[in-house]
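Trainee: I should like to take a close look at a single annotated part of this chain, and then to see how the rest of the model is put together around a few selected residues. Please keep to what can be checked in the coordinates.

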Amino acid sequence: MKNLLIKKITEKKAVVGIVGVGYVGESLGRAIAEAGFTTHGFEADEARIRLLKDSLPVNFTLHCDKKLLNNCDIVCVCVPTPLTKENLPNTSILEAAVDEVRQQLKKGQLIIIESSVAPGTTRNIILPILNKGGLRVGCDFFLAFSPERVDPGNSNYSVRNIPKVVGGIEDNSQRLGVVFYGSVVEKVVPVESCEAAELTKVLENVFRLINISLINEIADYARALNINIWEVINAAASKPFGFLAHYPGPGAGGYCIPVLPIYLLDSAKKNNISLPLVELATLSNRKQPEKIANMALTIMNGKLHKSTNGNGIKPQALLVGISYKENLGDTRESVALKIWNKLEEGGVEVHYHDPYVLRLNGFTSSDLNEEFLKKMDMIIVTTPHRNISYETLIASKKPLLDTRGVLNNYTGANIYHI
Ligand SMILES: NC(=O)c1ccc[n+]([C@@H]2O[C@H](COP(=O)([O-])OP(=O)(O)OC[C@H]3O[C@@H](n4cnc5c(N)ncnc54)[C@H](O)[C@@H]3O)[C@@H](O)[C@H]2O)c1
């Protein structure tokens, strides 16, 4: 079985299925198709299929129906692994997708989990689902974990040139995963187990979260002592070793950095392991949007009473950038939305401008024209998109809170830096 699949991969005759053609599935599927494999994408959202289908390489086709999974030699699962409302790991979408894969599982198939999960998920949650079909892992079918490490909006790194970490449930699975990804990406980093591959991804995200939380804390200290934190970071970064610059901001958002540490903490709790540093970083990141909202409310203070007094008009605030990351339209776990909520709780009417998110939850991105800006009591730069006219914001002379360092070169009584 294993040698047959290796032969098919080497000859580019293996057929590949991608389950979940969202951001990750699309990028991965394109790279696999461009490497010469016939690739089928299986996507539950028909609107997404309509949106993508004409833009993909000819050997990358999309399907809603999963029947063709049975034709695939390799299946990569790229579905979401979000949090529940209670802020706990939610692997139900992944489990449901794997169960669909199990229904079409055939001898000789290699299944690769790409969704970000806590260590142990592939072995303890995924494998038992696949085992229900009665096939044996390591001889009848193979199972590996390879974390997705794409960085949305990063034009220097794509699936092809980001090294792919691969761990298997057992040696044959690992070997097959390594051979497959070796024929798609420039470099493969084999690790000795699925757990090691899962923890690699978790470590990368926790590392970022802790450093972001640390720099936000040091920024608070620097602000209180009237020290320019941006100058300090640049000075520290002049050290050629041992320091990696992170910058202050409104907190880390998106699907990975704030989410995976919570998967880790849940797993640690179940194993009676205490991870106080990770816990603190998670807490600190959760509080950061509130801190920013309070800074804005303090700046607006006075106006809050003045304008609500008598005529009932609420103070008006403009959030500039509401996606979780610059130059993208993805609002998942965006801290700008958390700042929005906190401002509303503080009695403020919130507007937003985001060239990448023209509509959201019944709101529309406002134009940055003079007449509109005149009505604002406060402007907060939350996501530093490239194509925003910051000069127009400055020219409005409105109180302007820059949470991302885009106005570092500007000073003025109305400009506030974090
Ligand atoms: N977006 C990123 O930057 C990024 C980076 C690294 C890792 N990840 C991880 O990769 C995984 C996927 O993330 P994403 O950003 O691509 O999510 P996404 O929401 O953009 O895409 C997931 C897609 O899966 C589809 N889907 C869900 N269940 C399905 C099913 N049963 N069958 C077929 N399709 C199904 C959804 O309709 C959606 O289009 C997550 O675990 C995430 O944490 C994401």
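Trainee: At which residues does UniProt place the feature "domain: UDP-glucose/GDP-mannose dehydrogenase C-terminal"?

Mentor: The unreviewed UniProt entry places that domain at residues 318-409. UniProt positions are given in the numbering used here, feature names are shortened, and annotations may be inferred rather than shown by experiment. The model is predicted: local features need pLDDT of at least 70 and side-chain atom pairs count only at pLDDT 80 or more, whereas totals for chains, interfaces and linings use all residues. Residues are numbered from 1 along each chain as its sequence is written, and side-chain values use heavy atoms, with hydrogens and water left out.

Within the span 318-409, helix accounts for 25% and strand for 21%, and the C-alpha atoms at its two ends are 21 Å apart. Helices (DSSP H or I, at least four residues) and strands (E, at least two) are numbered from the N terminus. A useful place to look is the loop that joins helix 14 (390-395) to strand 14 (400-402), where K397 is found. The phi angle of K397 is near 60°, a positive value in a residue other than glycine. Most residues other than glycine have a negative phi. K397 is classed as exposed because its relative accessible area is 66%; the classes, taken with a 1.4 Å probe and protein chains only, are buried under 20%, exposed over 50% and partly exposed in between. P399 occupies that loop between helix 14 and strand 14 as well, but P399 counts as buried, at 16% relative accessibility. Between the C-alpha atoms of P399 and A31 there are 46 Å in space and 368 residues along the chain.

R332 brings in a side-chain contact: it lies over the face of Y255, at 3.9 Å from the ring centre. A charge sits over a ring if NZ of Lys or CZ of Arg is within 6 Å of the ring centre and within 35 degrees of the ring normal. K164 offers another case, its charged end sitting over the ring of Y181, 4.8 Å from the centre.

Y181 also belongs to a cluster, in which ring pairs link it with F37 and F180. The model has five aromatic pairs in total, where rings of Phe, Tyr and Trp (its six-membered ring) pair if their centres lie within 6.5 Å, and planes under 30 degrees apart count as stacked, over 60 as edge-to-face and the rest as tilted. One of them joins F37 to F180 in an edge-to-face arrangement, with 5.5 Å from centre to centre and 70° between the planes. This pair bridges distant parts of the chain, 143 residues apart: F37 is in the loop between helix 2 (23-34) and strand 2 (38-42), and F180 is in helix 6 (residues 171-182). Both of these phenylalanines, F37 and F180, are buried.

W230 and Y247 form a stacked pair, because their planes meet at 10° and their centres are 5.9 Å apart. W230 comes from helix 8 (residues 229-236) and Y247 from the loop between helix 8 and helix 9 (260-270), 17 residues apart. Their surroundings can be told apart by accessibility: W230 is buried at 12%, while Y247, at 40%, counts as partly exposed.

K164 leads to the interior as well, as one of the residues lining the largest cavity; P147, E148, R149, V150, S158, V159, I162 and P163 complete that lining. A cavity is a set of points on a 1 Å grid over the protein atoms alone where a 1.4 Å probe fits but cannot get out, and lining residues have an atom within 4 Å of a point. The structure holds one cavity of 30 Å³ or more, and the largest contains about 40 Å³ of space. Its lining comprises five nonpolar, one polar and three charged residues, with Ala, Val, Leu, Ile, Met, Phe, Trp, Tyr, Cys and Pro counted as nonpolar, Asp, Glu, Lys and Arg as charged, and the others, Gly among them, as polar. The volume is the space filled by probe spheres set on the grid points, which are joined across faces, edges and corners.

A further loop, between strand 4 (74-77) and helix 4 (92-103), holds N87. N87 has a positive phi, near 65°, in a residue other than glycine, and it counts as partly exposed at 28% relative accessibility. P89 is placed in the loop between strand 4 and helix 4 too, and is partly exposed at 21%. P89 and I262, 173 residues apart in sequence, have C-alpha atoms 6.9 Å apart. By contrast, P276 and G36 are separated by 240 residues in sequence and by 47 Å in space, C-alpha to C-alpha. P276 is in helix 10 (residues 276-300) and is exposed, with a relative accessible area of 51%.

Definitions and conventions:
1 Å grid on protein atoms, 1.4 Å probe; cavity = no way out; pocket = protein on both sides within 12 Å on 5 of 7 lines; lining within 4 Å.
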